[in-house]
Amino acid sequence: MSEQTEQSIADSLEANKRILPYMPYLLQDMWALGCALESIITAVGSVGLHHKSKVLDLGCGKGAASVQLAAEFRCNVLGIDATEPFLKDAQTKASEHKVSNLCEFVQEDILEYVKTEHHFDLVILASLGGIFGSFKNTIASLRSQVKNGGYMIIDDGYLRTRNSLNRKGYGHYKNNKNTLKELTSYNDKLIKEINTTVISRQINDEFLQEIERRGKELITKHPEIKEEIEAYILLQYEECKVIDKEIEGALWLLQKSLE
């Protein structure tokens, strides 16, 4: 794995590279890994997917969105993620839900994957923050993956009152007005905005409980990483406080303009 890919994984998980090998253990109890899964399914339900539709799930993690969409709409889904243990879990879940024939999971850095143009009917970027930079840069990357008239879903959020937040990992956030301006900067159509704040709060509460429990288990097994694990858990508590105070959760469904 390249250093760039390793850093990309660390950034998406908000983790220090030193504890990356332990992240699958810390996150073993969470399938959706923070994404607003029900909202994604609701949004997708309005675009008319069918058995010939092709969906790209960027940063698919353990495949929660991929598997659920394939099961619900019988569409073909390609999940891209750089973390091999997550992809193994995704394949297991696809088999359990009897959609292995509809789901394909590929290990690759999504920052590299989007450098090649594709023509999916729908692309999803869920709960990965500003991995592509600003919302304008993010939408530019997603547009390169869907055909004209295709759809894009971003599960993220915007600042409630400020227009910027000086904190690592939050540089892409702006207020709602300026976020929407960036999202539609290529004249794509904003079809739906779903508020996910309540869902995000519930997800974060569950997340904190589970990683603290698994973190204690890890420290017992590997006391040599006690400091790193405790620092990660503390950071997650701090991050959740910032999110609860500053961020309004949102999911956006956009349709790429007919160029």
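Good morning. I begin with S141, which, leaving aside neighbours within four places in sequence, is in contact with V114 and F132. The structure before us is a predicted model. In that model, S141 belongs to helix α7, residues 135-143. Is S141 buried or exposed? Its relative accessible area is 16%, and because the cut-off for burial is under 20%, S141 counts as buried.

Let me turn to the nonpolar cores. In soluble globular proteins, nonpolar side chains tend to be buried together. Here the largest nonpolar core has 33 residues. Which residues have the most contacts inside this core? They are V44, L49, V55, F105, L122, I124 and I153. Several elements give two or more residues to the core: the helices α3, α4 and α5 (84-96), together with the strands β3 (103-107), β4 (120-126), β5 (146-159) and β7 (247-255). Of these, α4 supplies the largest share, six residues.

F105 deserves a closer look. Not counting residues up to four places away in sequence, F105 touches C60, G63, S66, V67, G79, L87, A90, Q91 and A94. Apart from the core just described lies another, of 30 residues, among them Y113, F120, I131 and F132. F132, you will recall, is one of the contacts of S141.

My next subject is the pair of helices α9 and α10. Helix α9 covers residues 197-221, and its axis comes within 10 Å of that of α10, the two crossing at roughly 170°. The helices are therefore roughly antiparallel. On the α9 side, the contact is made by R201, N204, F207, L208, I211, E212, G215, L218 and I219. On the α10 side, the residues are K226, I229, E230, Y232, I233, Q236, Y237, C240, I243 and D244. Sorted by class, this contact has eleven nonpolar, three polar and five charged residues.

Within this contact, I211 of helix α9 is worth following. How accessible is I211? Its relative accessibility is 0%, so I211 counts as buried. Setting aside neighbours within four places in sequence, I211 is in contact with L26, L27, M30, Y232, I233 and Q236. I211 and I233 are 22 residues apart in sequence, yet their C-alpha atoms are 7.1 Å apart in space.

Helix α10 itself runs over residues 226-246. Does its length in space agree or disagree with what its 21 residues should span? At 1.5 Å a residue, the expected span is 30 Å, and the end C-alpha atoms are 30 Å apart, so the two agree. The buried residues of α10 are I229, Y232, I233, Q236, E239, C240, V242 and E246. As a general point, an α-helix has 3.6 residues a turn, so residues three or four places apart point the same way.

Finally, I draw attention to two loop residues. L33 has a phi near 50°, a positive value in a residue other than glycine. L33 lies in the loop between α2 (23-26) and α3 (37-44), and with 24% relative accessibility it counts as partly exposed. R74 has a phi near 55°, again positive in a residue other than glycine. Where is R74 found? Its place is the loop between α4 (64-73) and β2 (76-81). R74 is partly exposed, at a relative accessible area of 38%.

That concludes my presentation. Thank you for your attention.

Technical notes. Residues are numbered from 1 along each chain as its sequence is written. This is a predicted model: local features need pLDDT of at least 70, side-chain atom pairs count only at pLDDT 80 or more; totals for chains, interfaces and linings use all residues. Side-chain values use heavy atoms; hydrogens and water are left out. Helices (H or I, at least four residues) and strands (E, at least two) are DSSP runs, numbered from the N terminus. The expected span of a helix is 1.5 Å times one less than its number of residues. Buried means under 20% relative accessible area, exposed over 50%, partly exposed in between (1.4 Å probe, protein chains only). Axes are lines fitted to C-alpha atoms, for helices over the stretch in contact, and angles run from 0 to 180 degrees between N-to-C directions. Angles under 35 degrees count as roughly parallel, over 145 as roughly antiparallel, 65 to 115 as roughly perpendicular and the rest as oblique. Contact means heavy atoms within 4.5 Å. Ala, Val, Leu, Ile, Met, Phe, Trp, Tyr, Cys and Pro count as nonpolar, Asp, Glu, Lys and Arg as charged, and the others, Gly among them, as polar. A nonpolar core is a set of buried Ala, Val, Leu, Ile, Met, Phe, Trp, Tyr and Cys residues joined through side-chain atoms within 4.5 Å.
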